[in-house]
Amino acid sequence: MKEYTPKEIESKWQAHWAGTRLYATDEDSSKPKYYALEQFPYPSGDGLHMGHMRVYSIGDVIARFRRMNGYRVLHPMGADAFGLPAENAAINRGVNPGEWTLKNMDRFVKEQSMMGVSYDWDRYVATCLPEYYRFNQWLFLLFYERGLAYRKKAFVNWCPDCSTVLANEQVENGRCWRCDSEVTKKELEQWFLRITDYAERLLEGLDRLPKWPEKVKAMQRNWIGKSEGAHVSFSIPELEDERVTVFTTRPDTLYGVTYMVVAPEHPLVPRLIKGKENESVILEFIEQMKKQTEIERTSTDAEKVGYPTGAYAKHPLTGEMIPIWVANYVLMDYGTGAVMGVPAHDERDFQFAKKYDLPIKVVIQPEGEPLEEPLTEAYTEDGKLVNSGPFNGMNNREALSAIAEHLAETNQGGPTVNYRLRDWLISRQRYWGTPIPMIYCDACGTVPVPKEDLPVLLPEDVVFDGKRNPLTTSETFVQTTCPSCGREARRETDTMDTFFDSSWYFMRYTDSKNTEVPFDPEKVNNWLPVDEYIGGIEHAVLHLLYSRFFTKVLYDAGMIAVDEPFASLLTQGMVLKDGFKMSKSKGNVVSPLEIVEKYGADTARFFILFAAPPDRDLDWSDAGVEGSYRFLNRVWRLIAQNESLFGQKADTGRELTGDARELRRILHQTIKKVTHEIGERNHFNTAISAIMELVNALYAYPENADRSIFREALEKLVILLAPFVPHITEELWQMMGKQESVHKEAWPAFDPEALVQNEVEIAVQINGKVREKLVVPTSASRDEVEKQALQQDRIRMLIEGKTVRKVIVVPGKLVNIVAN
RNA sequence: GCCGAAGUGGCGGAAUUGGCAGACGCGCACGACUCAAAAUCGUGUUCCCAAAAGGAGUGUGGGUUCGAGUCCCACCUUCGGCACCA
């Protein structure tokens, strides 16, 4: 008997598949389409890790399963190839970032191929190549034309370690998402994409994504941060009725305002404090605030500090003069940067008022017992309005809109919706990214590079000294002529956030070689949306939000027919070892290559898919890997030992009885289960356990029983295993004398007829406890089953002396006798 | 504080609509094969009780139901996200 030698088999079939272009995309339009996609990797210098191996294993099962089920499947791969590490390698080791990246990309492709994954490599995209990034520039110009790309001066997030700015989404708890350094603020002129124009649609679209995890949708909703309320405009008489607008979610408490607070960065502050007693103190305070990091500034337990400006605003409804304060707890980048203080009905305002001895005015009373004054805490529940002029007695819920509308009628504000989402800052002061295709001309201002002049290529004559943006050191790059007037002009030296690259790569795969436009609308519509997108949860608000934004913009531009890119999202869990995430510092890293070397890719894939459902964390277990290897050997032997069967002519069509009939039932039950678990639930672990049960049944099948069904079961077994372990199944298929690839086989259908059993074992319960088992014909009626159950010796004994109150019969399952 | 997910044997996990809790695998124990071991094949393996009979049992406490891991109420713990958000 031939031994199972994974190394030999795997390289043999990988070469064969590549040679026969087995996984070239099937374009047969008579078949339903299926787009299976795994997030493309950043080709780091370290090669594949287990996390990669897990995503690709999951994606490959899905792609292979769909192909066998008659779909034309798009299953591409690429590289998210721009990014900081390449540039840092250039700075630290003097290597060329492009060469370095291409070398790593090759390594990734090689390692992915060793896994036996069924990609159509012809559609490979690498974002760092001009063929790709010229269309980043093309798309940037499209955004610009549509008024969705703009430049503005703003306080932006600055990562001192990466020496570049960051988008809000890339700051996690005040730290850089990439290097974990504390982020500071810098005032710079930068390019932004107007994602806030799409806030409502990005929010609303989530409701149409039933196949996305709740968790991810919740995170996006949270991030978009919609809140409904009102703008209230206060005039400042001493500044010629200049207005300060506040945003509030509680316009019903408007009569309870006893002070107002503006953020230290609020543009009106200098005028408010000019010539006032506190002027120098406040200026000093503002300087302090600027020096603080994001963490210090927004920490919940930071002491609330404020100063009265000495200026007053006029209450829009009562005409009262309200003192204006400056305080650290009001943030310039949320709402309007100014808030109204209602200490009686807001906890934070209450604390602040207590600390600075500001008046507290109750304007909402609960039903029943009135509040005891002075208050010991803010009353934030519902109630009836008091001290609120014409709104007295009104329920506060009604007052919310009544007061907001009254403000609108009197031109002092009105109902509004506020979002937490900010525009996406895409400028980066780094070399290894897509140059932003803009030119600055003294005469014409900001001029876009004409589309026919694209790509704006990254120059090679740059200095990597880690001190400045290398692009600024290239004279040939910076100096150019104005496309509009032809005079000398300067190029923009910022490059794009690499999340720009990955926001549309899944569209590019559908037409990856197009040299005119990013993609042909017909081709993209032939495949989008992605039917199953698989990747890590870490992109819940980054990549996944940006991609949704791009899709909506391109939908509006008429370039694609769908406005949501990913119909179904599968977020795979982490790979842990000994309860911790694998990491170099922990020293608990298991190398995919070593596992492949020792057991083969099939074993590695099999273990990963069997050990846990894909969306849960997976604890790596060496013993578990051994077990998987053992199982594949078990399957191998089962077929190798019976190889002679396949040389004979199949002998089918006989009536099956006994063991043969039972094996056929198990086979069809397995087909049903595996089909459902993969196709409907993505539960590969339970699909595999069903296959294991079939193998156990095949081992237990008597030697002298019918061979034809045994042979058929072995063939189906190999087909069912093919999506999980493509190499061993291909080899076994060949061993069975088949000419074509097993991966071109049709997925087996189950025969409902075969599932029918003559007899079934049911449980007999007394008061819900199982007391006896009973085998009855499947055809037995309820009455017969009940009668038989009550006749069992043991049951008769146990209910003796009791009254049977009720008997419940669940056909095929159980009988429950209620007796006391 | 708000939002989301999850708590099941020694371990990973299963139980699709309320119907025999613990499938499948790991580990462990025993047996067969072997001079012996490995490999393999087989048997057993939730806990308590020496075994049987019996009892307990899906984070905790209540409830609905003939019947609850599954549904309802209240809580506890863990993980993840957001947070001076006005």
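Helices and strands are DSSP runs, numbered from the N terminus. In the predicted model described here, aspartate 241 occupies the loop between strand S10 (227-236) and strand S11 (242-248). The phi angle of aspartate 241 is near 60°, a positive value in a residue other than glycine, and aspartate 241 is partly exposed at 47% relative accessibility. A positive phi, near 35°, also occurs at serine 163, in the loop between strand S5 (149-159) and strand S6 (164-166). Serine 163 is partly exposed, with a relative accessibility of 26%. Most residues other than glycine have a negative phi, and most peptide bonds are trans.

Cis peptide bonds precede two prolines. Glutamate 373 and proline 374 are joined by a cis bond with omega of about 0°, and proline 374 is placed in the loop between strand S16 (364-365) and strand S17 (384-385). The bond from leucine 454 to proline 455 is likewise cis, with omega near 0°; proline 455 belongs to the loop between strand S22 (445-448) and helix H13 (475-478).

The interior includes a largest nonpolar core of 182 residues, within which Phe140, Trp424, Phe549, Trp620 and Phe724 have the most contacts. At least three residues of this core come from each of domain 1 (137-194 + 423-498) and domain 3 (623-755). A second, separate core comprises 35 residues, including Leu239, Val244, Ile273 and Met289. Leaving aside residues up to four places away in sequence, tryptophan 620 touches Met50, Val575, Leu576, Lys577, Met582, Val590, Ile595, Phe607, Ile608 and Val625.

RNA strand B is surrounded by 56 residues, of which Lys304, Tyr334, Arg681, Met692 and Lys773 are the closest. Of the atoms of RNA strand B that come within 4 Å of the protein, 66% belong to sugar and phosphate. Helix H22 (residues 684-700) supplies the largest share of the surface near the strand, with seven residues. Among the polar contacts, a side-chain N or O atom of arginine 681 lies 2.5 Å from a phosphate oxygen of RNA strand B. A base oxygen of RNA strand B is 2.6 Å from a polar side-chain atom of lysine 773, and a sugar or linking oxygen is 3.4 Å from a polar side-chain atom of asparagine 222.

The structure contains zero disulfides. The sulfur of cysteine 444 has its closest cysteine sulfur in cysteine 485, 3.6 Å away, which is too far for a bond, because a disulfide requires sulfur atoms within 2.5 Å. Cysteine 444 is partly exposed, with a relative accessible area of 33%, and cysteine 485 is partly exposed at 31%.

Technical notes: Residues are numbered from 1 along each chain as its sequence is written. Chains are lettered from A and ligands numbered from 1 in the order in which they are written. This is a predicted model: local features need pLDDT of at least 70, side-chain atom pairs count only at pLDDT 80 or more; totals for chains, interfaces and linings use all residues. Side-chain values use heavy atoms; hydrogens and water are left out. Buried means under 20% relative accessible area, exposed over 50%, partly exposed in between (1.4 Å probe, protein chains only). A nonpolar core is a set of buried Ala, Val, Leu, Ile, Met, Phe, Trp, Tyr and Cys residues joined through side-chain atoms within 4.5 Å. Domain bounds come from an automatic or database domain assignment. Contact means heavy atoms within 4.5 Å. A residue is near a molecule or strand if one of its heavy atoms lies within 4 Å of it. A polar contact is a pair of N or O atoms within 3.5 Å; within protein, one must be able to donate a hydrogen and the other to accept it, and residues adjacent in sequence count only if both atoms are side-chain atoms. Helices (H or I, at least four residues) and strands (E, at least two) are DSSP runs, numbered from the N terminus.
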